[in-house]
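This report goes through a structure in three parts: the contact between chains, the sheet, and the surface near DNA.

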Protein chains: 2
Amino acid sequence: MLTQERRNKILEIISEKGSVAVGELTSVLEASEATIRRDLLALANLGKINKVHGGATLPEHEFLNKEDNINVKVRKNLEQKRAIASYAASLINDDDYVFLDAGSTTFLMTEYIFNTKAVFVTNGIAHAQVLAQKGCRVFILGGELKDTTEAIIGIVAAQNLQKYNFSKAFIGTNGITEKQGFTTTDTDEAMIKAIAGEHSFVSYVLADSTKFGIVSAVSFKPLESSAIICDKCDSEEIKKKTIVKEVL
Amino acid sequence: MLTQERRNKILEIISEKGSVAVGELTSVLEASEATIRRDLLALANLGKINKVHGGATLPEHEFLNKEDNINVKVRKNLEQKRAIASYAASLINDDDYVFLDAGSTTFLMTEYIFNTKAVFVTNGIAHAQVLAQKGCRVFILGGELKDTTEAIIGIVAAQNLQKYNFSKAFIGTNGITEKQGFTTTDTDEAMIKAIAGEHSFVSYVLADSTKFGIVSAVSFKPLESSAIICDKCDSEEIKKKTIVKEVL
DNA sequence: TAGCAATTATCAATAATTATCACTGTTGTA
DNA sequence: TACAACAGTGATAATTATTGATAATTGCTA
């Protein structure tokens with residue numbers, strides 16, 4: 001039997017039964033233990049199986065759950081972000097219809113939201129999960145889940161978003177400058193942020209101080225269209241153009 | 001029996017019964033007390049169980065995240081579900097536009113889906129995350145995330161679903177009988193399942209053999225409208241009425 | 001507190017794994 | 001053809017992991 005053939009059979013057997021012992025494979029495939037072991041090693045290195053003492057099992061996908069992913073980003077400038085998130089969360093009232101953007105700072109807001117009757121719409125999966133767990137009414141924006149499994153973006157999401165009208169929108173950003181306004185890395189993301197802003201009575205952009213002076217690829221909003229919630233803002237020009245709330 | 005296999009069975013037993021005694025496990029799994037104790041210790045260290053004097057219980061997680069939740073359900077009738085899921089996944093071709101229902105058996109399908117060009121729409125968050133991680137194109141159905149943070153259901157989800165037309169839909173069920181057809185516990189869920197079926201060229205209902213003869217609160221589909229993929233089906237009447245694929 | 005069951009700690013036996021080495025058959029080259 | 005280089009295989013011995021049994025300790029219940 002060809003090596004490849006044998007390895008395919010091993011995969012097949014593991015798929016069907018979920019796990020298999022080395023001894024079982026030697027007798028079914030009529031190969032020596034050494035050969036089977038070598039096969040298992042090769043398959044395990046390719047990530048196709050999970051090698052365990054005595055045999056092999058299906059690989060358990062590490063589901064990175066969303067929070068782990070996000071937590072990495074959250075750690076940067078944590079203190080500032082906490083202050084920003086906490087203040088932003090305090091703006092939410094029971095009668096609000098809130099858009100909550102995907103992203104790490106807005107995610108921190110979910111820690112400061114309790115017992116509210118407000119209704120949330122979000123394109124962040126982690127955001128939705130946490131809020132739902134806290135008993136909030138949460139709607140997830142429909143649309144495409146891109147390779148990063150954190151945010152729902154794209155055309156379909158944009159269309160869905162058009163249907164909503166929010167009283168408040170909380171939006172993240174990558175950069176803020178006087179000229180280019182609010183910018184982000186990706187057109188799909190920008191589209192969502194722009195539409196959310198347009199469809200909200202008030203919109204707040206959350207930004208720690210490192211975001212000022214940075215220009216990312218795509219502008220999604222002119223400066224004057226949103227209030228900014230930040231830890232501190234050194235630019236008098238920006239302060240002249242729009243409302244800036246400094247929380248530190 | 002593989003160590004891992006034995007530990008999975010322990011988890012299965014605990015999630016079904018809520019707790020278990022050491023002595024019970026030694027006789028069911030035919031292992032010595034020492035081995036069982038070592039297993040319990042290992043599982044407790046992973047936080048999968050709560051070790052108590054005399055045995056073990058379900059851990060009181062404050063938050064079980066989605067995957068844990070689903071994994072508990074997945075463990076029941078695992079072997080049958082695997083066979084069902086594996087067969088169902090094999091039906092997906094590159095040119096398919098697939099609806100994947102939320103639920104534990106359909107979730108297992110994601111383990112058997114590789115390198116496909118098929119496009120998926122799902123109302124299960126975990127399902128979407130895993131498929132996206134595998135590089136599939138995945139759309140999440142927009143709508144309300146109910147207290148269980150696992151599935152997107154409700155009116156908005158139903159409306160969104162209306163827009164799609166699938167080539168294949170894979171749907172879970174709580175019960176199957178000749179008279180009431182396919183039934184589930186909740187009207188919101190039933191609505192999604194019904195619409196998905198109507199908007200798909202072919203629909204498959206996935207059910208392990210324990211579902212036959214069970215009637216849940218809400219019918220979402222007559223028997224003859226779907227093919228059934230199951231481990232085995234003893235009812236000749238059901239087989240007369242619709243296509244039944246027995247995978248074991 | 002006594003009595004009993006359950007737990008932990010330890011050790012020997014067993015099973016599985018790894019690391020080598022020798023054998024086979026294939027390929028390319030002189 | 002003869003030969004070397006090589007990949008794949010099987011066998012063996014040394015190492016390591018897992019297991020079951022036992023004794024010592026701990027925790028429960030009356």
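How many residues of chain A are in contact with residues of chain B? In this predicted model, 33 residues of chain A are in contact with 34 residues of chain B. On the chain A side, at least two residues each come from helix H1 (3–17), strand E1 (19–21), strand E3 (55–57), helix H7 (125–133), strand E6 (137–140), strand E7 (143–145) and helix H8 (155–162). H7(A) gives the largest share, 5 residues. By residue class, the side of chain A that touches chain B divides into 14 nonpolar, 15 polar and 4 charged.

Strand pairing also joins the chains. E6(A) pairs with strand E7 (residues 143–145) of chain B in the antiparallel sense, over 3 bridges. Within this pairing, Phe139(A) has Glu144(B) as its bridge partner.

An open sheet of 9 strands with mixed pairing runs in the order E8(A)-E7(A)-E6(B)-E5(B)-E4(B)-E9(B)-E12(B)-E14(B)-E15(B). Its edge strands, each paired on one side only, are strand E8 (152–153) of chain A and strand E15 (244–246) of chain B. At the chain B edge, strand E14 (residues 227–230) of chain B and E15(B) pair in the parallel sense over 3 bridges. Cys230(B) has Glu246(B) as its bridge partner in E15(B).

Two helices of chain B pack on the sheet, as tabulated below.

| Helix | Strands touched | Angle between directions |
|---|---|---|
| H5 (residues 78–90) of chain B | E9 (166–172), E12 (200–207), E14 and E15 of chain B | about 135 degrees with E14(B) |
| H7 (residues 125–133) of chain B | E7 of chain A; E4 (97–100), E5 (119–122) and E6 (137–140) of chain B | about 160 degrees with E6(B) |

H7(B) thus touches strands of both chains, with E7 contributed by chain A.

Which residues surround DNA strand C? From chain A they are Val22(A), Gly23(A), Ala34(A), Arg37(A), His53(A) and Gly54(A). Chain B supplies Val22(B), Ala34(B), Arg37(B), His53(B) and Gly54(B). Two or more residues of this surface come from each of helix H2 (22–29) and helix H3 (33–45) of chain A, and from helix H3 (33–45) of chain B. The surface near DNA strand C divides into 4 nonpolar, 5 polar and 2 charged residues.

The domain assignment splits chain A into domain 1 (3–57) and domain 2 (66–246). The C-alpha centres of domain 1 and domain 2 of chain A lie 48 Å apart.

Methods: Residues are numbered from 1 along each chain as its sequence is written. Chains are lettered from A and ligands numbered from 1 in the order in which they are written. This is a predicted model: local features need pLDDT of at least 70, side-chain atom pairs count only at pLDDT 80 or more; totals for chains, interfaces and linings use all residues. A residue is near a molecule or strand if its C-beta atom, placed from the backbone, lies within 6 Å of it. Helices (H or I, at least four residues) and strands (E, at least two) are DSSP runs, numbered from the N terminus. Ala, Val, Leu, Ile, Met, Phe, Trp, Tyr, Cys and Pro count as nonpolar, Asp, Glu, Lys and Arg as charged, and the others, Gly among them, as polar. Domain bounds come from an automatic or database domain assignment. Two residues are in contact if their C-beta atoms, placed from the backbone, lie within 7 Å. Two strands pair if DSSP finds at least two bridges between them. Axes are lines fitted to C-alpha atoms, for helices over the stretch in contact, and angles run from 0 to 180 degrees between N-to-C directions.
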